[in-house]
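Student: I would like a close look at a single part of this model. Please keep to what can be computed from the atoms, and explain the reasoning where there is any.

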Amino acid sequence: TMIRMLQDLTGVDPQKIPLDDRDTMSIFTSSEVLGFVDDPILGPTGAVAIPEFNTKFTRGMLVDTQPHEFDILLRLSGFSHGTDVWLGNAQELIKAGTCTISNVIGTRDSIMTYLMHKGLPPKMAFKIMEIVRKGNATKLLNEEHFAAMKEHGVPQWYVDSCMKIKYMFPKAHAAAYIIAALRVAWYKVHRPAEYYAAYFTGRGEDFDAEPVTGGKATVKRLMDDIRMRGKEASAKEQSQAETLHVIYEAMQRGIEFLPVDLYKSHSYKFLMEDGKIRLPFSAVKGLGGAAAQGLMDAREEGPFISCDDLQARSGITKAVVQSLRDLGAIDGLPETSQMTFF
């Protein structure tokens, strides 16, 4: 959905985006191409809000492995979707220098192809892969399997790694996910304003216009406040902190957000306007989807002549009218349609 929105906003066909663009690949190890370096909030990479890498855990894998190739990103996808594949397994092997990211087990298919390359019969290589990827290595691998692997020079660390795995991701799924991630990342690097507009349109339920209109310092302060409270913060607040994280990054890159406007804002879409992003009605605190649409529909009937008229035609509550007033969206609009005679 996001890629379709990006295509509509930019006119760039995602199918034609190069998967070996150097600037795009660089954000998995550094944020320099985005215009900032080692930000204390955003971290050393530029992978915030990129599919497959939008968690602290997966970005930690990027820092540990420093990927510069598609194949490594593919392995990281396998690690993150597997169980007991990375933590307590591949991560420790790499840190100890026992093996490298290029030969550690990443996806289920790699077990079969590796064992066949070592000389094991294809049928046995397939059988071992099936046992390991389902997490049954400790129960179903037998002496025949161990003897065959030892005979063909499979290192002990590899066998030990297999024994720890509980679930493994298929390589085709990992490849599809990384291709999608690279396409999204290309837009983030080369068409940043459109990228953030599409991102927030798809995740607007946690977007609050109030801190955004207060600027980067306000966004940072609110984000820090939520994170300092840790598990005491509600699930909604923690989700809001993630959105604020991306808003902060956009501001770090010089992206400007235009305030909610009674006649220019969309009900839920973050619209592009002179290279800037116009906030939608849905970003107003307390304004739900139906009310936001009602507000947009009401203005099609003509200009609002007062706050009373606005409320009557759109169906929004007095609390929402006050929120719009606080945001400066209805400046100059009189409170009532009635004239006062003295």
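Tutor: Two strands count as paired if DSSP finds at least two bridges between them. The model is a predicted one, and the part to examine is its open sheet of three strands, together with the rings linked to Phe257. The strand order is S1-S3-S2, and the pairing is mixed. S1 (257–258) and S2 (271–273) are the edge strands; each has a single partner strand, so one side of each has no neighbour in the sheet. S3 covers residues 276–278 and pairs with S2 in the antiparallel sense, over three bridges. Within that pairing, methionine 272 is opposite isoleucine 277 of S3. In general, strands of a sheet pair through backbone hydrogen bonds, parallel or antiparallel.

Phe257 leads from the sheet to the rings: residue 257 belongs to S1, and Phe257 is in a cluster that ring pairs build with Tyr195, Tyr196, Tyr199, Phe200, Phe207 and Phe270. Over the whole structure the search gives 16 aromatic pairs. One of them joins tyrosine 195 to tyrosine 196, edge-to-face, with 5.0 Å centre to centre and 80° between the planes. Tyrosine 195 has 0% relative accessibility and therefore counts as buried; tyrosine 196, with a relative accessible area of 0%, is buried too. Phenylalanine 200 and phenylalanine 207 have ring centres 5.0 Å apart and planes at 70°, so this pair is edge-to-face. Both phenylalanine 200 and phenylalanine 207 are buried.

Note on methods. Residues numbered from 1 in each chain as written. Predicted model: local features only at pLDDT ≥ 70, side-chain atom pairs only at ≥ 80, totals over all residues. Heavy atoms only, no water. Phe/Tyr/Trp six-rings, centres within 6.5 Å; stacked < 30°, edge-to-face > 60°. Buried < 20%, exposed > 50% of the residue type's maximum accessible area, 1.4 Å probe, protein only. Helix = DSSP H or I, 4+ residues; strand = E, 2+ residues; numbered from the N terminus.
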